[in-house]
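Subject: Structure handover

Hello,

Here is the structure you were due to receive. My notes on what was found in it follow below.

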Protein chains: 2
Amino acid sequence: MSLRHALLALLAEQPHTGYDIGRRMHETVGLFWTAQHSQVYPELAKLVGDGLAGFESSAGPGPKKKKTYTITAAGRAALRDWLSEPAGRRVPRDELVLKAFASWVGDKQLMAEHYRAAAEQSQRQLATYERILAGIGGEEALADSQRPEFGWYLSLQRGITAQRALRDWCEMVAAQLDRAATKD
Amino acid sequence: MSLRHALLALLAEQPHTGYDIGRRMHETVGLFWTAQHSQVYPELAKLVGDGLAGFESSAGPGPKKKKTYTITAAGRAALRDWLSEPAGRRVPRDELVLKAFASWVGDKQLMAEHYRAAAEQSQRQLATYERILAGIGGEEALADSQRPEFGWYLSLQRGITAQRALRDWCEMVAAQLDRAATKD
DNA sequence: TGTTGCATGTAAGGGGTTACATGATTGA
DNA sequence: TCAATCATGTAACCCCTTACATGCAACA
């Protein structure tokens, strides 16, 4: 139910092609939502069917025409309505936590390495987010709450603080698993 | 693919009924994985089919017999194998972040209230985790890495630090939205 | 010549949620 | 008497991932 709102949010900023949306979701802000292009294309078609988006066709590089989608007034209104409702909380499903929960059964040495690797990956992701944040001007992005940068700042902050917490936890787990491995 | 390992992890601790597993997942450690009973029952049956679990029937309160599932040696081995593989990272899908991203379009005052409410809910969840942690003896749980409490400690720490980060971020967002609302 | 990027779609299958269905015991 | 708790299962549907399918342009 939220993918359509993610699309509307991106279209509210500026017109996009389906390909563009899929790419942006994966490259830059995989922090708030992601979708495969196979999911994006049908959903964009539905948005048009519901009058929430429109598109313009132009010559594409492949056999199919390139479609550039734009949000409509109705789309903007739908987005505002959705923003007025409280967000639905869904339970987290994280394999890292699940494996930590079961770690008393497993090989401590081996698992410690995995958590150290996870901490490093988290660190890299963190660096990416910080680079993007610097790119939009850091705290200056908060100056005008009517501009997209305001939203970027808030969601990037979430990505940064969440990755920091994840990285620190992974390092703690790795340390505890190491300690347990050497004690045996 | 991970639900079966979540079930194995719970069965490794002690025998459970399907109902029991569903309840525990929702009440206590909804922090690492959750599942509806409609998903748990068929998966337990599959585990038995694969020789990873066994069960004993006894008289139940309803029309059906009560089944108490136990992990087998093969189940324990499968769990250990799975723990030796690195965890698959999946992208987070969080409506709170998505709405923050789009907040420049929405009603700031209204949204600020939602984020404050989310912060409070997060605070309550945090308190629950801390209570459970105290129940298993806090850091003493780390003493023996061969006992389930070791895993409980690690995963509860994840829940606690993640909820703290979420709560703080929600409060920051609420404050920024408030500031934006009064400036208009 | 082979790979990457741009660009759009369909199909199959897995995982998960919600709803349907049954029924005894205990406590308010 | 009504609701909650224990207890097990099935069915329909939605969301998402992976794979299939096409094809031009630019670059190495």
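In this predicted model, a polar side-chain atom of B:Gln39 lies 2.6 Å from a phosphate oxygen of DNA strand C. Another phosphate oxygen contact comes from chain A, where a polar side-chain atom of A:Arg93 is 3.1 Å from a phosphate oxygen of DNA strand C. A:His37 meets a base instead: a polar side-chain atom of A:His37 lies 2.9 Å from a base oxygen of DNA strand C. Two or more residues of the surface near the strand come from each of helix H2 (18-27), helix H3 (37-49) and strand E2 (66-71) of chain A, and from helix H3 (37-49) of chain B.

In total, 21 residues surround DNA strand C, and the closest are A:Lys66, A:Lys67, B:Ser38, B:Gln39 and B:Pro61. Of the atoms of DNA strand C that come within 4 Å of the protein, 63% belong to sugar and phosphate. By type, the residues of this surface are seven nonpolar, eight polar and six charged.

The other item is a pocket. The second largest pocket has a volume of about 350 Å³. Its lining includes A:Thr17, A:Tyr19, A:Tyr41, A:Pro61, A:Lys66, A:Lys67 and A:Tyr69. H2, H3 and E2 of chain A each give two or more residues to that lining, and E2(A) gives the most, with three residues. The lining residues divide into five nonpolar, three polar and four charged.

A:Lys66 and A:Lys67 appear in both places: they are among the closest residues to DNA strand C, and they line the second largest pocket.

Regards

Key
Residues are numbered from 1 along each chain as its sequence is written. Chains are lettered from A and ligands numbered from 1 in the order in which they are written. This is a predicted model: local features need pLDDT of at least 70, side-chain atom pairs count only at pLDDT 80 or more; totals for chains, interfaces and linings use all residues. Side-chain values use heavy atoms; hydrogens and water are left out. A residue is near a molecule or strand if one of its heavy atoms lies within 4 Å of it. A polar contact is a pair of N or O atoms within 3.5 Å; within protein, one must be able to donate a hydrogen and the other to accept it, and residues adjacent in sequence count only if both atoms are side-chain atoms. Helices (H or I, at least four residues) and strands (E, at least two) are DSSP runs, numbered from the N terminus. Ala, Val, Leu, Ile, Met, Phe, Trp, Tyr, Cys and Pro count as nonpolar, Asp, Glu, Lys and Arg as charged, and the others, Gly among them, as polar. On a 1 Å grid over the protein atoms alone, a cavity is a set of points where a 1.4 Å probe fits but cannot get out, and a pocket is an open set with protein on both sides within 12 Å along at least five of seven lines; lining residues have an atom within 4 Å of a point. Grid points are joined across faces, edges and corners, and a volume is the space filled by probe spheres set on the points.
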